[in-house]
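Here are some notes for a first look at this structure. Please keep the model open while reading them.

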Amino acid sequence: MEAHKRRGRESKLISITIPNPDVTIIQREQKITGDEAPIKPINGFIDIHEIPRDKGGLILFYNKSDELLFGGKARKLRQRVKKHLEDNVSPVKNHRNEINKISVIIVEDPMEREIYETYIINTLRAKYNVDKVFYQD
């Protein structure tokens, strides 16, 4: 096949590598030992405090089969995770019972977040994303 020519130059495709998650939490019950204070779970998650409060990045929600349910971006990761798990307008509100794992990837640059979000939604075929979807089943 011929290489695509653009104004006399060969065009190159970009290559994107999805970064490894910086934090991953899994639904679990707290096992209280000694005088440890109980943690109030949010949708079965007790480790939300491990997600950075003041960092931007990507949030990936998975089911027990490690299938990506929903991918999104946020300027403040912890706040957005809580919002998805608690509010009535989140795209995952009707699917919260399927969420078993949440991974976050810290990406401070807004343009990079946008690119990664679109790439992840389409390459991993996020089940419940409706915006930024370019694949067809």
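**Notes on the fold and one hairpin**

1. Start with the contacts. Among those between residues at least 6 apart in sequence, 58% join residues at least 24 apart. Bear in mind that this is a predicted model.

2. Next, the elements. The protein has 2 helices and 6 strands. Read from the N terminus, their order is β-β-β-β-β-α-β-α. The radius of gyration is 18 Å, whereas the globule rule gives 14 Å for 137 residues, so the protein is more spread out than a compact globule.

3. The extent can be put in numbers too. The C-alpha trace spans about 70 × 30 × 25 Å along its principal axes.

4. Now burial and surface. Of the 137 residues, 37% are buried. The exposed area comes to about 9,700 Å². Carbon and sulfur atoms supply 47% of that area.

5. Charges: there are 25 positive and 21 negative side chains. The centres of these two sets lie 5 Å apart.

6. Strand S5 deserves a look. It covers residues 68-74. Of its 7 residues, 6 are buried, so the rest of the structure largely encloses this strand.

7. Which strand pairs with S5 over 6 bridges? Strand S4, residues 57-62, does so in the antiparallel sense. Find Ile 59 in the model: its bridge partner in S5 is Gly 72.

8. Finally, the turn of this hairpin. There are 5 residues between strands S4 and S5. In this hairpin, Asp 66 takes a positive phi near 65°.

Note on methods. Residues numbered from 1 in each chain as written. Predicted model: local features only at pLDDT ≥ 70, side-chain atom pairs only at ≥ 80, totals over all residues. Heavy atoms only, no water. Helix = DSSP H or I, 4+ residues; strand = E, 2+ residues; numbered from the N terminus. Rg over C-alpha atoms; globule rule 2.2 N^0.38 Å. Buried < 20%, exposed > 50% of the residue type's maximum accessible area, 1.4 Å probe, protein only. Contact = heavy atoms within 4.5 Å. Areas by Shrake-Rupley, 256 points an atom, 1.4 Å probe, with all protein chains shown as cover. Lys, Arg positive; Asp, Glu negative; His and termini not counted. Charge placed at Lys NZ, Arg CZ, Asp CG, Glu CD. Pairing = 2+ DSSP bridges.
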